[in-house]
Amino acid sequence: MIHPTKLMRGAFLALAILGAAPLAGPSIPLLGVVTAQAQEQLVGSVLFEGNRRFSDSQLLAMVDVSASGIYSQQRVASDIESIRQAYDRDGFLSVSVTSRTEATTDGRVRVIFVVNEGNRAGIAAINFTGNNAFGGNSLKSTMLTKETGLLSWLFKDDGYDEQKLAVDRERIRLYYASRGYPDAQVTSVGEYDAARNAYFINFTINEGQKYEFANVGIETSITGLNTDALRGTVQTGEGGNYSVTDLQETIEEMAYEATVQGYSFVDVRARLDRDVANGTFNVTYLVDEGARLYVERINITGNTKTRDFVIRRELEFAEGDAFNRALVVRGRKNIDALGFFSSVNVTTGPGSAADRVVVNIAVTETSTGEYGATAGYSTQDGILGEVSLTERNFLGRGQYLRAAIGASQSGRTFDFSFTEPRFMGLKVATGVDVYHRIDDENSATVYGSQSTGGQLRAGMPLTSDLSATVFVGMERKVIKDTDAPTSVLVTNGQEFHKAFVGYTLTWNGVDDVKKPTEGLFATFTQQYVGWDHSLIRSEARARYYVPLLDDSGIVGSVRGQAGVINDLSGNGVHAVEAFSPGSQLIRGFEGRGLGPRLTNGEFLGAVAYAGASAEIQFPIPGVPENYGVSGAIWADAAWVDGVNVPRLGGNTVDPNSIDVPWRTSIGASLIWDSPFGPLRGDFAHVLNKSTTDRTQVFQLTMSTLF
């Protein structure tokens with residue numbers, strides 16, 4: 001208990017000390033207590049001047065004086081160095097950064113960083129020494145670092161960065177290791193030329209000896225494992241160049257095949273026996289039981305937008321399942337293929353017990369929303385374009401949403417699509433498409449129309465390369481024919497209704513859908529069209545790609561397509577449902593530019609067609625690979641049925657429109673993988689045509705697989 005008398009004495013003593021403090025003077029400490037005075041300035045705002053490469057918000061994140069709110073010379077000096085280093089990493093070697101301060105009315109200080117960026121240092125040249133097997137252009141195409149060119153201001157890929165060069169050295173080494181040179185060594189030196197404000201990068205390559213694969217075998221200690229099925233996964237064929245990539249892919253595919261057979265704990269390794277004298281490797285794949293491990297937990301981080309279940313459903317295993325490294329690798333590839341993330345990193349760690357494994361998936365989100373603008377040109381339609389809004393990861397659920405408006409001199413289009421890639425959690429993609437299309441009257445069509453319709457669809461994979469899609473829908477078409485000359489096949493205001501149901505089979509065997517170099521891509525579609533019509537429409541398209549010269553970028557392809565309409569009504573196919581062959585069948589012809597016409601010049605359409613094309617695509621010498629520009633030469637041929645024609649309605653076919661059944665053309669193209677999509681300009685020369693066919697010399701379109 002505190003005594004009241006003692007409490008009063010303590011209070012009087014404290015008052016006495018406080019009263020004596022002014023008499024003691026500032027230099028005399030009282031009771032061992034030292035007083036100090038400090039004055040701190042608060043930062044009111046941080047501004048930047050002269051910055052073009054980095055925005056104010058980017059620079060603001062680099063400086064500490066803004067985050068702390070307290071001004072000091074040391075902190076500002078440190079921030080100046082942080083800004084300078086950021087510019088230095090981006091190639092601005094002559095940058096200078098200073099600062100000044102201004103007092104504000106509220107007693108604070110405004111800090112202003114003044115940036116003099118100077119000129120950005122580029123890459124004057126990338127040179128190679130010792131590269132006897134592969135040309136410099138082939139090696140440059142594998143690198144992240146690019147030489148300075150006309151479009152470097154857009155791509156910003158010509159900066160000197162030691163970390164990026166380290167990645168480039170490894171990329172070149174893997175390029176060699178995947179093409180017969182397992183012992184290749186790569187070094188590089190960068191030299192700065194102050195006079196040109198640019199770097200010269202010199203790579204020295206020791207290629208080593210070239211090797212091929214010789215005998216390839218499979219050994220297993222697992223009873224009941226079907227090794228014949230495993231042989232189908234082998235990509236290291238006898239006589240082929242040694243490839244570390246093919247070795248790794250074979251191991252992964254073989255382990256997955258064993259897992260499909262029910263052996264979840266399989267472990268696949270490759271034993272290599274080198275024969276230096278003959279320059280070969282004998283390969284034996286050892287397939288054995290691995291450690292019995294189980295997935296205890298799957299941790300997913302970095303997905304600020306994408307829902308966890310969107311990532312988890314790409315894995316072929318769940319928590320509690322057997323741990324299989326092949327499934328982990330396949331899962332990482334599936335997640336990466338979504339296109340929602342700029343990076344996907346999968347690691348494993350120990351679980352709570354010796355037989356438990358924790359799988360950690362770290363992703364970095366990337367933008368999945370796109371505003372698109374595309375343009376094209378043809379001598380018939382003139383300038384045409386499309387503006388679209390696409391979201392590939394709608395609400396973070398992995399759903400696809402697209403709305404587009406297109407316009408040309410001959411009409412307008414309005415399209416909306418929505419796709420759910422995993423309906424009810426199954427590997428079934430369902431979706432809906434709705435459209436409204438306006439085709440104006442012109443010399444090519446005589447009459448116009450307004451079409452409104454939509455469809456429901458569902459697609460699923462049948463095998464690793466084959467998929468199927470079924471669809472059902474309907475359409476209402478209203479004819480617009482008010483200008484002379486008027487049509488003799490339809491009347492203004494006439495309506496056509498149709499309901500349709502069908503399917504599409506797609507074979508995707510190409511190595512890269514966006515830029516294929518080998519493999520087959522093919523589709524086959526059939527649909528029944530009813531209501532005001534009764535017919536079956538069938539169309540098939542296929543294109544086969546093959547590299548013509550190894551590592552040259554020269555790719556050859558052959559394309560074939562055909563279509564036929566079978567009338568079930570007995571009255572013939574109406575012209576509004578007939579094929580309208582044009583430049584999509586053979587280049588050098590306008591849309592609705594070839595095929596049967598009436599004697600008054602009105603286009604009739606076709607009930608059957610076939611076409612073939614051969615093309616060689618190649619990089620343009622002297623144009624950097626990162627510009628995405630390539631060239632092509634081609635030859636097309638097409639046949640349009642002029643005997644079996646759509647319903648004539650008492651009219652007569654012009655014999656001059658069908659006097660030559662086969663049309664041919666040759667030409668050259670420029671292809672640009674632009675930020676708006678792959679644009680293609682075709683220059684065509686028609687060799688063979690019917691008398692009334694309508695041709696065009698040039699067209700600009702979007703490049704597609706077909």
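Two strands pair if DSSP finds at least two bridges between them. Helices (H or I, at least four residues) and strands (E, at least two) are DSSP runs, numbered from the N terminus. The model you have open is predicted, so local features need pLDDT of at least 70 and side-chain atom pairs count only at pLDDT 80 or more, while totals for chains, interfaces and linings use all residues. Residues are numbered from 1 along each chain as its sequence is written, and side-chain values use heavy atoms, with hydrogens and water left out.

**Stop 1: a hairpin and its neighbour**

Select residues 519-531 and 535-547. These are strands β21 and β22, which pair in the antiparallel sense over eleven bridges. They form a hairpin with three residues between them. Click on Ala 522 and you will find Ala 542 of β22 opposite. Now add residues 555-567, strand β23: β22 pairs with β23 in the antiparallel sense too, over 13 bridges. Here Ala 540 stands opposite Ala 562 in β23.

**Stop 2: the sheet β1-β3-β2**

Next, show an open sheet of three strands in the order β1-β3-β2, with mixed pairing. Its edge strands are β1 (43-49) and β2 (96-103), each pairing on one side only. On average, neighbouring strands are turned by 20° against each other, direction ignored; axes are lines fitted to C-alpha atoms, for helices over the stretch in contact, and angles run from 0 to 180 degrees between N-to-C directions. Eight bridges join β2 to β3 (residues 109-116), and the two run antiparallel. For one such pair, pick Ser 99, whose bridge partner in β3 is Phe 113. Then add helix α4 (residues 73-89), which packs on the sheet and touches β1, β2 and β3; contact means heavy atoms within 4.5 Å. The direction of α4 makes about 30° with that of β3.

**Stop 3: the sheet β7-β9-β8**

Which strands stand at the edges of the next sheet? This open sheet has three strands in the order β7-β9-β8, again with mixed pairing. β7 (212-220) and β8 stand at its edges with a single partner strand each, so one side of each is left without a neighbour in the sheet. The twist averages 20° from one strand to the next. Seven bridges join β7 to β9 (residues 280-289), which run parallel, and Ile 218 stands opposite Tyr 285 in β9.

**Stop 4: a pocket**

Switch to a surface view. On a 1 Å grid over the protein atoms alone, a cavity is a set of points where a 1.4 Å probe fits but cannot get out, and a pocket is an open set with protein on both sides within 12 Å along at least five of seven lines; lining residues have an atom within 4 Å of a point. Grid points are joined across faces, edges and corners, and a volume is the space filled by probe spheres set on the points.

The second largest pocket holds about 290 Å³ of space. Of its 17 lining residues, Val 266, Asp 267, Asn 324, Arg 325 and Ala 326 lie nearest its centre. Helix α9 gives the most to this lining, with four residues.

**Stop 5: the cavities**

Finish with the largest cavity, about 50 Å³. Select Glu 475, Lys 477, Phe 496, His 497, Lys 498, His 533, Val 576 and Glu 577 to see its lining. The largest share, three residues, comes from β20. The second largest cavity has a volume of about 30 Å³, and α11 gives the most to its lining, with four residues.
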